[in-house]
Amino acid sequence: AMSAALVGYSSSEEEQEQEEEGGSRGGGAQGPPAASAGRPRLPAPAGLPGDPDPEEAVSDDSSRHGGRVRGFPHERGNWATHVYLPYIAREEFLELLELLVSRARTYVPSLAAMEEFHLSLSQCVVLRYHWIEPFVRSLRERLAAFHRFFCVADQVKVYTNQNKTRTFIGLEVSAGHFQLLELVSEVDGVLEEFDLPTFYKDPSFHISLAWCVGDLSGKLEGQCLRELQDIVDGFEESAFLLRIQWEQIRCKSGNKYFSFPLR
């Protein structure tokens, strides 16, 4: 039953620097999601979940980041890079998130809500600085022909990262899988040009909602998961919120963001 859960995160994806990021796959004391409800979110200055900050001090003091272990060695000039579809959270989505997280915390009190939301189209990979420009150019060429499309992300699912140091609750895509695979195939093509690892072969596309340290999937699956799905199914705005039209692809490399609009 857990095999499906493994597709979520490469081991290089989960160690990010809390003070650098918008809080999607790690980090500790994040504020409640409702804090951001009133104003539009700008991209965090540096850091999508999962990315070690490439410019941080080379001494890797694990006490600074909640005891997380780095999935790839830190070197100066290495830029953690990630390709994804950004999901812009509306106020109603943050209300749904709050309901889900408070229910799930009755099973796992250490659960923290994400502060940024996205659907990954690549693992977190490492680019040398001088590769960023050609990498982005190649992505732009390959993605130029893609049109906007809808997908539905309404199935609550529990994920662990590869080395079982983190557990996530996410919304898995139930419609639009084919278009997502087509996008991944183009992104994979660019990764191959640069000899970088491609995406998982049979991915479970999803938007992560909350996370905790350790493998707590046993506590979250079963009864808890059924209650969370009931909350999603019963939430008045669910159909409107979770049928998502993707309008752009984004690539984050180090502290730089690149956007690729869909037609």
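A salt bridge here is a side-chain nitrogen of Lys or Arg within 4 Å of a carboxyl oxygen of Asp or Glu. With that in hand, here are the close-ups, all taken from a predicted model.

**View 1. E227 and R103 form a salt bridge.** The closest N and O atoms of E227 and R103 sit 3.2 Å apart. This pair links distant parts of the chain, with E227 in helix α5 (residues 223-234) and R103 in helix α1 (residues 91-104), 124 residues apart. Are the two partners buried or partly exposed? E227 has a relative accessible area of 18%, which makes this residue buried, as the cut-off for buried is under 20%. R103, at 34% relative accessibility, counts as partly exposed.

**View 2. K157 and E172 meet through their side chains in a salt bridge.** From N to O, the K157–E172 distance is 3.2 Å. K157 belongs to strand β5 (residues 149-160) and E172 to strand β6 (residues 166-175), so this pair ties together parts that are 15 residues apart in sequence.

**View 3. D215 pairs up with K164 in a salt bridge.** Here the closest N and O atoms are 3.7 Å apart. D215 lies in the loop between β7 (206-213) and α4 (217-220), while K164 lies in the loop between β5 and β6, so the pair ties together parts that are 51 residues apart in sequence. Both ends get some exposure: D215 is partly exposed at 36% relative accessible area, and K164 is partly exposed at 33%.

**View 4. R142, E186 and E193 are joined into one network.** What holds the trio together is salt bridges that share partners. Step back to the whole structure, and the count of salt bridges comes to six.

**View 5. V173 is tucked away in strand β6.** With 9% relative accessibility, V173 counts as buried. Which residues does V173 touch, once neighbours within four places in sequence are left aside? The list runs L119, C151, V152, A153, L180 and F205. Take C151 from that list: 22 residues separate V173 and C151 in sequence, yet their C-alpha atoms are 6.8 Å apart in space.

**View 6. C212 and C224 are both buried cysteines.** C212 comes in at 0% relative accessibility, and C224 likewise has a relative accessible area of 0%. A disulfide is a covalent bond between the sulfur atoms of two cysteines. How many turn up in a search of the whole structure? Zero disulfides are found.

**View 7. Helix α1 has its buried residues on the same side.** From first C-alpha to last, the 14 residues of α1 reach 20 Å, close to the 20 Å expected at 1.5 Å a residue. The buried residues in α1 are F93, L94, L96, L97, L100, V101 and A104. Why do they end up on the same side of α1? They cover an arc of only 155° around the axis, and that puts them there. As background, an α-helix has 3.6 residues a turn, so residues three or four places apart point the same way.

**View 8. S238 sits in helix α6 (residues 238-242).** At 8% relative accessibility, S238 counts as buried. Leaving aside neighbours within four places in sequence, S238 is in contact with L96, V232 and R243. L96 ties this view back to the previous one, being one of the buried residues of α1.

Methods
Residues numbered from 1 in each chain as written. Predicted model: local features only at pLDDT ≥ 70, side-chain atom pairs only at ≥ 80, totals over all residues. Heavy atoms only, no water. Helix = DSSP H or I, 4+ residues; strand = E, 2+ residues; numbered from the N terminus. Buried < 20%, exposed > 50% of the residue type's maximum accessible area, 1.4 Å probe, protein only. Contact = heavy atoms within 4.5 Å. Disulfide = S-S within 2.5 Å. Expected span 1.5 Å × (residues − 1). Arc of directions from axis to C-beta.
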